[in-house]
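Colleague: Please take a close look at one helix and describe how it sits against its surroundings.

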Amino acid sequence: MERCSRVHARHLVEWAKDKPEVLVLSADLTSSTEVDLFRDAYPDRFISAGIAEQNMVSVAGGLAREGYIPFVHTFAVFLYRRACDQIAMSVAYPNLPVKLFGFLPGITTPGGATHQAIEDIAVMRLLPNMTVFECGDATEVESVLDAAIAVNGPVYVRMIRGDIPRLFDADKPFVCDKPRVLRKGADVAVFSSGICTEEVMRVIPALEKRGVAAAHIHMSTFKPCKSPIVTEAIAGASYGVVTVENHLTNGGLATLVAERMVECGTVKRLLACGIRDTFSHGGGRAYLMKEHGLDASAVIRAVETLVGRPLDIPESEISAGVLPDTPKGSPSEAL
């Protein structure tokens, strides 16, 4: 499995070369949000707003009214926590084409509760007019720019950075409200998003060896979410549904899938793997994913509960899965 480094940094420069209407704003996190190469390539289209996120978002709203397409970059927590009112009133309410890129999703940072965006999808989904995306690999980081600019309104992109895997073919880009069906199966349906998709991909072969046919659906659009792919996967799962997300289980993927089940009148069991109504703390990604129950082992436990029998899958079987470990000292875990 290929791993790629600083995908957004390089791709944004090439993608934006013939789009003079695209401006990039940064809240004093230029290198940390991988827009340093854009700053160097197009200094007249780069705005350093300083550590003033509320002001940056309002400036972006004003630029959008003048015909520009602002791409706002900072850590996710500094967007939806500090600048929530400005996002609502200066961007979402007037339905302006401001694209908000929030980095360090969930527990991908060791920075603790002050830096871990664990409720951003829930907050952004609640805002009228807001489209909400989350990237899961290098292909989606590259192609989400086309998907975002195609939306005639505000978009929030939950972004990953540093050393990231390429899970999906480069010729199969990110498409708004089109979940990726990674595996079909009639026993359980596993919905995953973001960094958790890699964890589920480790588990699927071991489940199949033990006679469990699991459908695996990767979700990259949280709003809108009207695709029939979701309801078809739910309807086809005889034992029930598992969701796995790098977010609180309230307001994110589990809630979204539950909403679709209610809308369709589907009565099935749903087990949610994710952060449960608590703040996290400092720690490495692997450690925090295990602690909060959003890693491969947690998925196995959920499937065992649904099918009603132990599957006896040793950790060595899934840890030696299809994907290599993240290189030690990866920037993806640095501030």
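**Helix α9 and its sheet**

Modeller: In helix α9, which spans residues 228-235, the buried residues are I229, V230, T231, A233 and I234. This is a predicted model. The buried residues of α9 pack against four strands, β9 (180-183), β10 (188-192), β11 (214-218) and β13 (240-248), and against helix α10 (253-263). At the N-terminal end, α9 is capped by S227, with a side-chain oxygen 3.1 Å from the backbone nitrogen of I229.

The strands in question belong to an open sheet of five strands, ordered β9-β11-β10-β13-β14, and the pairing is mixed. At the edges of this sheet are β9 and β14 (270-275), each of which pairs on one side only. From one strand to the next, the twist averages 20°. Between β9 and β11 there are three bridges, in the antiparallel sense; R183 stands opposite H216 in β11. Helix α9 packs on this sheet and touches β9, β10, β11 and β13, and its direction makes about 145° with that of β10. Helix α10, against which the buried residues of α9 also pack, lies across β10, β13 and β14 and runs at about 145° to β13.

For context, there is also an open sheet of seven strands in the order β3-β2-β4-β5-β7-β6-β12, again with mixed pairing. Its edge strands are β3 (46-48) and β12 (221-223); each has a single partner strand, so one side of each is left without a neighbour in the sheet.

Terms used. Residues are numbered from 1 along each chain as its sequence is written. This is a predicted model: local features need pLDDT of at least 70, side-chain atom pairs count only at pLDDT 80 or more; totals for chains, interfaces and linings use all residues. Side-chain values use heavy atoms; hydrogens and water are left out. Two strands pair if DSSP finds at least two bridges between them. Helices (H or I, at least four residues) and strands (E, at least two) are DSSP runs, numbered from the N terminus. Buried means under 20% relative accessible area, exposed over 50%, partly exposed in between (1.4 Å probe, protein chains only). Contact means heavy atoms within 4.5 Å. A polar contact is a pair of N or O atoms within 3.5 Å; within protein, one must be able to donate a hydrogen and the other to accept it, and residues adjacent in sequence count only if both atoms are side-chain atoms. Axes are lines fitted to C-alpha atoms, for helices over the stretch in contact, and angles run from 0 to 180 degrees between N-to-C directions.
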